[in-house]
Each structure stands twice: as structure tokens, then as C-alpha cells.
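Colleague: I would like a close look at a single part of this model. Take one corner of the sheet and work outward from there.

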Amino acid sequence: ETTDVVIIGAGPAGLTLANLLQRNGIACIVLEARDRSHVEDRQRAGVLDHYGAEIFTAAGLSDAIIADAPREKMLELRYEGEPHFFAGPAHTGGRAGVIVPQQLLVRRLLATFVEAGGDLRFGVSDIRLRDLSQPRITYAGGELTASYIAGCDGFHGISRRSIPPDSLTTYEFDHGIGWYTVLAESPPPWHALMGISHHGFAAQFARGPQASRFYLQYEPGGADPRDWPDDYTWDQLRLRLGDPNLPAGPITDREIVEMRSFVAEPMSHQNLFLAGDAAHIITPMGAKGMNLALFDADVLARALTAALRDGDESGLPAYSDVCLRRTWDYQEFSRWFTEMVHDAGAQSDPFRRRLARARFDRLFTNPAAAAHFADMMAGTPHPT
Ligand code: FAD
């Protein structure tokens, strides 16, 4: 069997790329290791930044994907219990992110692609990339040849590992912080809420009308916070969010979030192109991981379309550099934000605690600093 592009992985990157190629009349086949319900139910990101949303608008997919999504208008940063409201869109000429839980985005992308006749195969095991220059892909029970492979199979996938190690340079950074996240049937906050406190960082975000996702900083190397009694978790959240009346609710999910960064350079090798978490991971601070995955998919869709439809291959060698520039820009933002909200903690040294406070105060006293922060939150424009 032969096609133009084989896409490995049906996460946000693979499904966005599949939809964009389909809209442009480029044939593709998506191979996904897991079953449909696993892919559709995986809860992770919650915010699509302004430019992430623009990708779907430009492709004529906004009605199908984001039409009813509420806009992100306000972030509350509570410093030792004292509220500070940051109205991002007021500093960006109205540009704002939209609240779209990742599993909803994935479900809609998947349905749109399949309903338009897309070829998406679930439960495909033992995928191997046999040849990257004249792509040949084998899997349990089948074989495909293609002009190009898009490796969209996340950090643990096989695509990046199919590139000879001496052709890749990898960068890894451990932020030295632990994050524990719980999903709870507890009323969502009015605005996205982050608590900066000497007890440690905490955050609360809406996950639909009845539920909240909470994040709590913890000291890595100690007791596993998934074993914390629920009462202790709620006490910590009340302390850190400065809200003694925060209502408790049943906790339905407990997870550890790895606070580390990773970048592989370059993001391509011969006719294999990596996109999303397959090439880079970023901490959730700043909410850029899913957005980077979508940006990569958009840049790759343009380059592949130009090559396959118009015979213009110039976008493909540029793909990696274009995406890496934005990746590093967002890595820096995520690190900057991480330091600001975590260095206030008691475990930080007193000097860094003061720097974190100065960084925080600048957002509310210096309009240029506020505009820059809002601009990074809303996302940076597309490369043309
Ligand atoms: P993935 O979503 O990992 O998808 C990869 C797909 O490939 C999966 O479906 C997988 O099953 C499949 N696959 C894997 N191996 C194979 C194989 N060998 N063969 C075939 N298929 C395979 N980002 C944000 O922007 N904002 C946030 O607020 C945010 N919060 C987060 C919170 C948490 C707790 C976590 C864990 C992540 C968060 N992220 C956030 C990051 C975001 O979820 C990821 O960046 C995003 O999922 C990346 O999409 P992807 O398509 O590149 O990879």
C-alpha cells in the first residue's frame, strides 16, 4: 500500500496535521498504537492559545473544532492569599487563548478527519520505520510506502528513536520541582487561578462546569504525593490558594507531572519529520506543550503541501529551524514563569525569593512587562 504521508500517532500533532493535509487534498494514513477510547479520553492540556486557534480558523475548521469555546480573559495570581488580576487581552489588543480541553480537541479533530473519509487505523502494533530516505513502514499485519513520514508519536514513540543517535543533539533540563495534579469534582474557579506562597505553588483550573484540575508543588525525592491522604491535599490547597473555604470534592484522578524540558535537534532526518512531543517537551507552566504540537503540525502541513501539490520543496529543509526557534522561545518563557511562581516558596533561598517577588511586581507596575507577558500567554504569530 502506498500513500503520500504516513502519520505516526493520533494525538494533537498527528490529528491536526491529518486534517490540514486532508483539507489540502494530500493523501495520508494515520497509524495509532492505542484504541480509540484511550486516545479520546486522555486528559491533559486545557488551553489553546490565540495563534493555536488561528490555525483552525485559517483552515476553515473553526466551526468544527473551536466554535463554542470560551475565551480566556483573566488570570488570577494570588500572592500569599492576596489577589492580583491579570487581564491578558487588555494588553494584546484582544488576542486571547480559548479554553478547549485536550480530549475535546482530540475528539473533534478525530471525528472531522474520519467523517471526511480519512484513513485512521487504531491499535496498530509493532510499527517500524525501515527506511527514512524512501520511507517504508512495517507494522503487525501490514506494510506502507510513502513519500514522507510525520513522527507525531509523543515523547515515548518510535519515530525519534528511529533516527541514528549521532544525527541528533538532545537537550534535557530538570527543573528540580515536583508537581502533583488531581482532578476533583469541585466547582471551578471564576478565572484560572495560581497561588504563590511560602507553602509552595498551587493552581486551580476549570475542567467543565463541575470539575477542577488542581496542581500542587512538592519536594521531589520524598514521599509520593499520590499517597497523601485527601484531607492533607485539601488542607495544602486551602493554605496555598489562601482560601480557607475552598470546597473539597471527590478526587477522581491523581498524577505526577514531570517538570522537565527536552528538545531534539534537528526535528527532521531525511524524509522523516518530527512534530510535537516527539521532538520536544516543555513543562505545563505557560500551557505551551499542546500549542507547540499544533504549530509544528501547521508548519509541516504547509511544507508538505507545497512539496506534494505544488512541487516546491523549499519549506521542508526549513521546517526544523522554523519550529525550533519557537520551541526555544516558549521553553524560555516556561522557565521564566516557573521561576516566578516557585521561587517564592520556603525551600528557595532568600535571594531568589526576593527576585521572584520583583519579577511578579513588575507585571503589575510596568506596562511594557505586562504587555510582554500577555503577548507570550496569547502566543506568538505564525511564521509565514
Ligand atoms: P501525544 O499527545 O503524546 O500523542 C502521541 C500519540 O502517539 C498518542 O496517541 C500515542 O498513543 C501515539 N503513539 C505513541 N507511540 C506510538 C507508536 N509507537 N506507534 C503509534 N502510535 C504511537 N500543553 C498545553 O499546551 N497546555 C497545557 O495546559 C498542558 N497541560 C498538560 C498537563 C499534563 C498533566 C500533561 C501530561 C501535559 C500537558 N500539556 C499541556 C502538554 C500536552 O498535553 C502535550 O504537549 C501534547 O499532548 C502533545 O501532543 P502530541 O500529539 O505531540 O503527543
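**The edge hairpin and its surroundings**

Modeller: Start with one pair: Y79 has E82, in strand 5, as its bridge partner. Keep in mind that this is a predicted model.

That pair belongs to a longer ladder. Strand 4 (residues 75-79) runs antiparallel to strand 5, and five bridges join them. The two strands make a hairpin, with two residues between them. E80 sits in the turn and has a positive phi of about 45 degrees.

Is strand 5 buried or in the open? Strand 5 has five residues, and the number buried is zero, so it lies largely in the open. Its place in the sheet is on record too: strand 5 (82-86) is an edge strand, pairing on one side only. The other edge is strand 18 (280-281).

Now the sheet itself. It is open and has eight strands, in the order 5-4-12-13-14-11-15-18, with mixed pairing. Go along that order and you reach strands 11 and 15. Strand 11 (residues 169-184) and strand 15 (residues 251-265) are antiparallel, over 13 bridges. One of the pairs there is T170 with A264 of strand 15.

Before strand 11 comes a loop. It follows strand 10 (142-151), and D153 lies in it. Is D153 buried or exposed? It has 27 C-beta neighbours inside 10 Å; the cut-off for buried is 20 or more, so D153 counts as buried. Beyond the neighbours within four places in sequence, its contacts are I8, G9, I158, S159 and A278. E32 is 121 residues from D153 in sequence, yet the C-alpha atoms are 8.1 Å apart.

G9 leads on to the ligand. G9 is among the closest residues to the ligand, along with G11, G154, G276 and G289. The shell holds 35 residues. By class, 18 are nonpolar, 11 polar and six charged. Helix 1 (12-23) and helix 7 (289-310) each give at least two residues to that shell. Helix 7 gives the largest share, four residues.

Both helices turn up again around helix 3 (residues 50-58). The buried residues of helix 3 are H50, G52, A53, I55 and F56. Their cover includes helix 1 and helix 7. It also includes strand 3 (47-48), helix 4 (62-65), strand 6 (98-99) and helix 10 (367-378). After helix 3 comes G60, with a positive phi near 75 degrees.

Step back to the whole chain. The protein has 10 helices and 18 strands. Its radius of gyration is 21 Å, close to the 21 Å of the globule rule for 384 residues, so the protein is as compact as a globular protein of that length. The C-alpha trace spans about 60 × 45 × 45 Å along the principal axes. Of the 384 residues, 46% are buried. Take the contacts between residues at least 6 apart in sequence: 73% of them join residues at least 24 apart.

One annotation covers much of this ground. An unreviewed UniProt entry lists residues 3-333 as "domain: FAD-binding". In the model, that span is 30% helix and 30% strand. Its end C-alpha atoms lie 39 Å apart.

Definitions and conventions: Residues numbered from 1 in each chain as written. Predicted model: local features only at pLDDT ≥ 70, side-chain atom pairs only at ≥ 80, totals over all residues. Rg over C-alpha atoms; globule rule 2.2 N^0.38 Å. Buried ≥ 20, exposed ≤ 12 C-beta atoms within 10 Å, placed from the backbone. Contact = placed C-beta atoms within 7 Å. UniProt positions renumbered as here; feature names shortened; annotations may be inferred. Near = placed C-beta within 6 Å. Nonpolar A, V, L, I, M, F, W, Y, C, P; charged D, E, K, R; others polar. Pairing = 2+ DSSP bridges.
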